[in-house]
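Okay, thanks for making the time, everyone. I'll put the sequence and the model up, and then talk through a few places in it.

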Amino acid sequence: MQSPWSPSASISTFITLSTISNKKASGSHGTAPLELIAEAHSKGYHSVCLPLTTENWRIRWTEMCLVPSDSIQKRTRESRRESKLVNRDLSAERKAEAWRENPCFEREEVTITELDEAENVTAIVSEWLELDAEEDGIRYDAEIALQQELAYASYLNIHTAILPAPRNRDRISSYARTVRACLSSSPYMNLAIRLPVYDTSILEPAVTVPLSPSSLNRPSSSQALLESHIDAAWETWDLIRSICDYNIRLALALDLTPPLPNSPGVLSKWAAEAVRYIFLPSSTFIANAKGYPVLPKPTQTFIRDSMTHRPNIIISGASSGLHKRGGEDAYLQYVKHLERTSSVVQAAEKAGTVENFAQGYQDYLQAPLQPLMDNLQSITYQTFEQDPVKYQSYEEAIHKALMEWPEQDNIVICVAGAGRGPLVARSLSAIDRSRRENVRLYAIEKNPNAFVTLQNRQRTEWKDRVRLVFGDMRLIKIADEVDILVSELLGSFGDNELSPECLDGAMRFLKPQGISIPSSYTAHLAPLSSSKLYNEARAIKEEKSLETPYVVMFQAVNLLSGQGPGPSGLCGPQVQECWEFEHPRKNSVLNAQGLPPTNSHNTRSAKLRFHIPHAGVLHGLAGYFEAILYGNIGLSIHPHRKDQVSKDMLSWFPLFFPFKEPLYLPSNSELQISIWRLTNERQVWYEWHAESFL
């Protein structure tokens, strides 16, 4: 689980090779790298990124490895005038073979040599290495050079290295294979792939207007083309991480050098990825009216939204004087300003919000509670009792029901599953507010330990206003027929904690015209992408870890579905309803004990169709619920309606249904989800399935 929110973003500076070469060490720090690192820290940077090797290494490697191997044979057939050239080629090949056999740097080929110089440093691997070159020999030698650089970084206790961006889309699989080999051979090294959010060179022949921030805000064919290349960049990343089997030590260093389009949908896919670094060169910034550096609006929004993942933001070129006002400090202060004004950060820091309550639980898989099978601990009850929104809603629902009940009637209220008594206390408060004196209140609880707490509260608080009944609501009897049955058995998917089965047993208490609070609840689904949740589920060492739904506070996720009807015109909204349960159940068949003979009436199924506007990978399904307590009073964790129905309710996180294998979904495709709620004499379970259509 994560620690509480850090007070500031992690910001690094990118120290270039020329800066290192031009820096003269002073006596206080001893070496140029130490001097530059000390300066960076004094300016407010948390860490530094710097190249591990010098120009001398590039020259030696080029001379050894970029001489075509077949040129030796060709040139021996030429005239004697070329003999010196042949000898040079043979000499280079001998040096290359010696290096391949035992790779080693010379002192002038590396930028740092001491542990002090490597502290809090992220290594930048040589950007000229072509891990996806067309020629096999060049790729082979580039892989050896990469392994050599990573071994040297590991020797200096550097834990993270950023690899050069892939250049050749036709050879991405070769690039990815090399990365996978490096992850295997360097078990303590974290690797990040530097990837531009899109390749501007691809667009140059097709785009007739400049790629300025303002032009990217206007819908046009060029923007559609741009969005397709953002999808292509993501697909490059998806192929690399898939070949690397979603290795948790592989991350993304997203390069925001190009201006971003004003199209949140196409950018939202990065929210579900392991973006641990964001490159922000000074050229990405524009000057505001006063000459200070600021980011274009779409990039501002992207950075603010990305703060929820706490990436390391790497600023380069801040000391180049590109902007007239503010100097280097202006870039740092501006990035910190973006964090302070980020809605996700503000929500996390504000007491009483779900984001604040959930600190440490983001993307943390939890097994759903099983209160029917297990007796909950007091600390679990206490956690849920911290939710004022839920219990206030329950109190309002009970109060509304009391106020609408005929004044002359005696009323019996029963809290089924009273726990430690929060709903009992809210029921008493609603009774007092309604000024109804002819109300009798029962509280049923099967947990023997919680029942002790109820007895204590009855003795010290409630006295004879509450009648306690110990036992399972499906089996026990109470003296009176009930007018209002109150329960809090809902799960994250509505029915996943067996509320229908429990209430089937309690409905026999109700009078024919009695009411249940809640009166109904619905389950909702949306297709979800999240490499982190997929990895978390895979890491659970249980046989059916990828066949089990989990309760999760979503963070690094992206809902893949769009709102429109899709190409077929048959698709529903982004989040769609699966099924509904109502209580009391109408026209129910009961046995002599007042119970359903079987549980077949609680089976459900749904077939849902979603439009997928942008390419993505389906890792699972996001499950939500909505409930009507009474009248117009409800509860909701539906992402589009929760703030209108029960804002800042803390008791439920969504449900995550994982898939065993990720499913690639092309742009403008359609996804059909089938889900079943099944039951037999012993248990209830879900099954789910997905199909993609073009």
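I'll start with confidence, then go through the annotated sites, some backbone oddities, a helix, a threonine and a sheet.

So, first thing to keep in mind: this is a predicted model. Mean pLDDT for the protein chain is 89, and 92% of the residues get to 70 or more. If you go element by element, strand S16, residues 520–529, has the highest mean, at 98, and helix H4, residues 71–76, has the lowest, at 40. There are two stretches I'd like to flag. Over residues 1–5 pLDDT stays under 50, and the model gives that stretch 19 contacts beyond four places in sequence. The other one is residues 69–86, again under 50 throughout, with 8 such contacts.

On to the annotation. Where does UniProt put the feature "active site"? The unreviewed entry has it at Glu-488 and Glu-497. Glu-488 sits in the loop that runs from strand S14, 482–487, to helix H21, 499–506, and Glu-497 is in the loop between S14 and H21 as well.

Let's take Glu-488 on its own for a second. Skip the neighbours within four places in sequence, and Glu-488 touches Lys-390, Tyr-391, Tyr-394, Pro-422 and Leu-423. With Lys-390 there's a polar contact, side chain to side chain, at 2.9 Å.

And Glu-497, is that one buried or exposed? Its relative accessibility is 11%, and the cut-off for buried is under 20%, so Glu-497 counts as buried. With the neighbours within four places left out again, the contacts of Glu-497 are Leu-369, Pro-371, Leu-489, Leu-490 and Gly-491.

Now the backbone oddities. Two cis peptide bonds to show you. One joins Ile-517 and Pro-518, with omega about 10 degrees; Pro-518 is in the loop between strand S15, 510–517, and S16. The other goes from His-583 to Pro-584, and there omega is near -5 degrees. Pro-584 is in the loop between strand S19, 576–582, and S20.

Then a couple of positive phi values outside glycine. Arg-310 has phi near 50 degrees, and you'll find Arg-310 in the loop between helix H13, 297–306, and strand S10, 312–316. Asp-363 has phi of about 55 degrees, in the loop between helix H16, 354–357, and helix H17, 378–384. How do they sit relative to solvent? Arg-310 is partly exposed, with 28% relative accessible area, while Asp-363 is buried, at 2%.

Since H13 just came up, let me stay there. How many of the 10 residues of H13 are buried? It's 7, so the helix is largely enclosed by the rest of the structure. Those residues are Pro-298, Thr-299, Gln-300, Phe-302, Ile-303, Arg-304 and Ser-306. And what do they pack against? There are strands in the list: S6 at 250–255, S7 at 275–281, and S10. There are helices too: H12 at 264–267, H14 at 327–340 and H15 at 343–349.

Over to the N-terminal part of the numbering, and Thr-53. This threonine is in the loop between strand S2, 47–51, and helix H3, 55–65. Thr-53 is buried, with a relative accessible area of 6%. Its side chain has a polar contact of 2.7 Å with the side chain of Ser-126. Leaving out neighbours within four places in sequence, Thr-53 is in contact with Leu-17, Phe-105, Glu-109, Val-110, Thr-111, Ser-126 and Glu-149.

Last stop, the sheet. It's an open one, 3 strands in the order S20-S24-S25, with antiparallel pairing. Which strands are at the edges? S20, 604–612, and S25, 684–693, each of them pairing on one side only. From one strand to the next, the twist averages 15 degrees. Between S20 and S24, which is residues 669–679, there are 9 bridges, and those two run antiparallel. If you want one pair to click on, try His-611, whose bridge partner in S24 is Glu-670.

That's my tour. Happy to rotate to anything you'd like to see again.

Technical notes. Residues numbered from 1 in each chain as written. Predicted model: local features only at pLDDT ≥ 70, side-chain atom pairs only at ≥ 80, totals over all residues. Heavy atoms only, no water. Pairing = 2+ DSSP bridges. Helix = DSSP H or I, 4+ residues; strand = E, 2+ residues; numbered from the N terminus. Axes fitted to C-alpha atoms, helices over the stretch in contact; angles between N-to-C directions. pLDDT = per-residue confidence, 0-100. Contact = heavy atoms within 4.5 Å. UniProt positions renumbered as here; feature names shortened; annotations may be inferred. Polar contact = N/O pair within 3.5 Å; in protein donor to acceptor, adjacent residues only side chain to side chain. Buried < 20%, exposed > 50% of the residue type's maximum accessible area, 1.4 Å probe, protein only.
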